[in-house]
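Work through these exercises with the structure open beside you. Try each task before you read its solution.

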Amino acid sequence: MPYEAVQGKDEHEMSPTEGARRESVWAADDLIDMYRESMEQRPVYTQKADSTTALTRRAPPKKSRRKKILIISLCLLAAVICAVAIPVALSGSKKKSSSSTQSASKNASGKTGPTTGTSGSLITMADGTTFTYTNDFDGDWAEDPTNPFSMGGKAQSWSPRVGSEEWVWGTDVARGVNLGGWLVTEPFIAPALYEKYVNSSSIAIVDEWTLSIAMGANLASEMEEHYKTFITEQDFANIAAAGLNWVRIPIGFWAIEALNDEPFLVGTSWTYFLKAIQWARKYGIRIFMDLHALPGSQNGWNHSGKAGTVNFMNGVMGIANAQRTLTYLRILTEFASQDQYRDVVCIIGIVNEILWSAIGQVGVQSFYYGAYEAIRTATHVLFAPGVGAGRGPYIAIHEAFQGPAIWEGFLAGADRVALDQHPYLAFTYDYVSTPDQMAVKPCAWAIATNQSSKAFGVTLGGEFSTAINDCGLWLNGIGSTSAAPNCAVLDDWASYNATLTASLKQVTLATMDALQNFFFWTWKIGNSTVLGTSSSPLWHYQLGLERGWIPKGVSVLPSRVMSCSLLLPPALDPREAIGHCASVLGSSQIFDGTLPASATGAGPTSINADQTSSHVFPPTTLSPSFSGTTVGLLPTYTATGKVTTLFAPTFTAAPTAAVGNGWNNSADTALAFVPVAGCTYPDTWNAINASIPTTTCT
C-alpha cells in the first residue's frame, strides 16, 4: 500500500507493539526513529471517497455551488497551462539530455575535460559499450578524466554529492545494497562460476578455496572474467537509479596477499575494487568496504574463503591469524584514508559475521579492541590525534548475531565505531507462517535498532533480504536443500501472482524501515547454467525491482512541472519504507536524531578505562579451552615484517595524476606481523586440535 507523505521530519515515527515491548529491556521513551529526512517534495495523495459514502452525504448548501464552479474553472486553467508547460518542459529536458549525450560522446572519442549528465545522457564504458543513464530522482553523474578525483555525482536529489558534500550520520540515511559474490565469490550468488567444476573435478567444490584449486591454470583468466562481467559501471548507475546511495563491497584478504598454500588469486580483486571507487564517485555512491574473508576463517562458512573449521581467534593458530588480520586492516585503512579516496570509502568493516558460538565473547571483543587500536593508531598523525572526524574511516563491527543490545557500552567513548547487524528472516526457519505473517516480524527489530542508535551510535543493517525461508539453489552451500515445504513456489519467481508479490513487498518495506540505514543482500544473483535462470529470487535486488517486491522508481515529469497535476503518482523508491512499521504497529515515538558525540567524531573520543582493561589483545583466554600459561605457549607472529602497500589506479587521460602511494600516514611506521624466523607453525587453516608447543618460540 503506498505510504502517505508526511509534512516534516517530526512525523517520521516508529514504536513497537505491546508484544514487542515485552521482548525489550528498554522503556518506550527510549525508542527512537533514525528517519529524519524531510519529504517536503512529496505531495500528499488522497483516495477518492467511494460512491456509497458519497451518496449518503448531506447535500451541500447552494452557496457551495459557486465555490465548486470556481474550483473547476481553476482546474481547467491549470490544465491549459500544463498543456503548454509540459511539452516545453519535456523539450527542455530532451535538450538537456542531448547536451549531456554529446558531452559524453566527445569524451569517449578522445577529447578530455569535465563531463556530467542527467537522465537520458549516453554513457560510454571503458570497453566501448554504451548505455543510457536513467535517473528519476534528479540525480546526475559527473567525472573529469583529466582530474579523476574531482567532484563526483549525486545519486539522488536527497543524497549528498560525493566530493563536495559531507555525509552526516543522524541526518542522511544510508539506503544501500551489497555487491555480494563479486570480489568474494559465493556458489549461490554466482552459480555458473561453480557449476563448470562441480562434479567434474577430482576434489569436492564447496568454496572459493576449492574452486581456485580446481581452476588450476585457468584461475587468473576465469576469475578475472567473473570480476569483469559480474559487476560493471552500469550497475553503479542502476544502483543510483534505484534510489540507493551506498554499496557494501565484500573483499577477501587475498586482495592484499596470500601465504603458503593459500590458492586464491592475489591482487586482481583489488584492481576491480579500484574501479568500484571510480564508478561510485561518478554516480554519487559511497562505499562500505567489508573485510569478508579472514585468515583461518572467522566462521567456517563458504563466504569466508574456506568452509570448515574456525581458526580465527579459536584454536592453536587463532591469535596468529588475528595478528595477520590486524596488519591487513592497517593496510586497508592507510589506503582508504588518503584524500583521493576517503570521500568515497567511508566505512571499513573489520570482519564479517564472526562466529560467536565458536570464538566466544572474550575472543570476539578482544579482537574488536585490537582492531580498533590498530586502525586508530594508523590514523594518528604527529602533533595531531588519530581520532575525530576526518581521521580515517568509520570502523564497523559485526554484532556476531547476538543482537545490538549486548553491545551497549562496549568500547564506550570510541571514535566513530558503527555496529553492523544482519537479521535474516530466512534463518529463523519458520516454515509455518504465511508471507503476510512474516511481513510483520521485522518491525520488532526496530526496537533494538533504535536503542542502539541512541546509546551505541551509528547502527547499520549491513545485510538483509526479502527471503522468508532458506529456499534457493545452494543457499546453504553446494548440494544443500531446504526443509521448507514451499520452495518450488517461491523459487518460481516468474509465476508469482499479485497477492504474493504484494506480501513480499511488505517484508521488504518492514525490514528497510526497521533497520533504517540498510544494505540489502545482494544486488544480483547470477543465472544458473543448469536452471537456465536465477534461483534465490528474494535475495536478488535487481529482480525484485523488475518484478515488484522491491520499491522501484517510476518515470515522472520533470520536477519543475510536477505541480501541474496532483494526480501524478509519486516516484516510489526505498523511501517508501519510511513510517511503514509505525503504520503496521499502530504506535510511534519521535526520534530527535542525536547520536553520541564520540560516535560521529564530534566529541571526546577516549575509551573508558574499564573497557580497555577488559578487552586486551591478545586475550588471556582463548577458545576452545586455552587459559593461563597455555595461552602464552600458543604460536604467535612478530611485528618485524615488511608491510605491503596497495597499488593505486592509473588513468590514461591523467597519467600524472596524484593517485597516492597507498599509505596515508608516513608516521605509521609499525611493521607487519609475520612468522617468527626459525619457528614451526601448524596449518593455519586446520589447527583446532594441533599440538601446543611446550616452550615459547620467539
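**Exercise 1. Describe the surroundings of Lys441 and its partner.**

Step 1. Start with exposure. Lys441 is partly exposed, because its relative accessible area is 36%. The scale runs as follows: buried is under 20% relative accessible area, exposed is over 50%, and partly exposed is in between (1.4 Å probe, protein chains only).

Step 2. Note what kind of model this is. It is predicted, so local features need pLDDT of at least 70 and side-chain atom pairs count only at pLDDT 80 or more, while totals for chains, interfaces and linings use all residues. Residues are numbered from 1 along each chain as its sequence is written, and side-chain values use heavy atoms, with hydrogens and water left out.

Step 3. Find the partner. Lys441 forms a salt bridge with Asp430, and the closest N and O atoms are 2.5 Å apart. A salt bridge needs a side-chain nitrogen of Lys or Arg within 4 Å of a carboxyl oxygen of Asp or Glu.

Step 4. Place both residues. Lys441 lies in the loop between helix H11 (435-438) and helix H12 (445-455), and Asp430 in the loop between E10 and H11, so the pair ties together parts 11 residues apart in sequence. Helices (H or I, at least four residues) and strands (E, at least two) are DSSP runs, numbered from the N terminus.

Step 5. Look at Asp430 itself. Asp430 counts as buried because its relative accessible area is 16%. Its side chain has a polar atom 3.0 Å from the backbone nitrogen of Val432. A polar contact of 2.6 Å also joins the side chains of Asp430 and Ser433. Such a contact is a pair of N or O atoms within 3.5 Å; within protein, one must be able to donate a hydrogen and the other to accept it, and residues adjacent in sequence count only if both atoms are side-chain atoms.

Step 6. Add the contacts (heavy atoms within 4.5 Å). Neighbours within four places in sequence aside, Asp430 is in contact with Met438, Lys441 and Ile468.

**Exercise 2. Trace the salt bridges between Arg376 and Asp415 and between Glu576 and Lys505.**

Step 1. Recall the principle. Side chains of opposite charge can pair when their charged atoms come close.

Step 2. Take Arg376 and Asp415. Their side chains meet in a salt bridge at 3.0 Å, N to O. Arg376 sits in helix H10 (residues 356-378), and Asp415 in the loop between strand E9 (394-398) and strand E10 (417-421), 39 residues apart. Both Arg376 and Asp415 are buried.

Step 3. Take Glu576 and Lys505. The closest N and O atoms of this salt bridge are 3.3 Å apart. Glu576 is in the loop between helix H15 (541-547) and helix H16 (580-585), Lys505 is in helix H14 (residues 498-515), and 71 residues separate them. Glu576 and Lys505 are buried.

Step 4. Look for a network. Salt bridges with shared partners join Arg248, Asp290, Asp420 and Glu463. The salt bridge count comes to 16.

**Exercise 3. Decide how covered helix H5 is.**

Step 1. Count. In helix H5 (residues 208-215), 7 of the 8 residues are buried. Among them are Trp209, Leu211 and Met215.

Step 2. Find the cover. Helix H4 (191-195) and helix H6 (219-230) are included in what covers the buried residues of H5.

Step 3. Check the ends. At the start of H5, a side-chain oxygen of Asp207 reaches to within 3.3 Å of the backbone nitrogen of Trp209. After H5 comes Gly216, with a positive phi near 55°.

**Exercise 4. Find the empty space inside the model.**

Step 1. Search. The whole structure has 1 cavity of 30 Å³ or more. On a 1 Å grid over the protein atoms alone, a cavity is a set of points where a 1.4 Å probe fits but cannot get out; lining residues have an atom within 4 Å of a point.

Step 2. Size it. The largest cavity holds about 70 Å³ of space.

Step 3. Read the lining. Ile468, Leu490 and Trp539 are among the residues that line the largest cavity.

Step 4. Step outward from Leu490. Leu500, in helix H14, touches Pro435 and Leu490, not counting residues up to four places away in sequence. Leu500 and Leu490 are 9.3 Å apart in space, C-alpha to C-alpha.

Definitions and conventions. 1 Å grid on protein atoms, 1.4 Å probe; cavity = no way out; pocket = protein on both sides within 12 Å on 5 of 7 lines; lining within 4 Å. Points joined across faces, edges and corners; volume = space filled by probe spheres on them.
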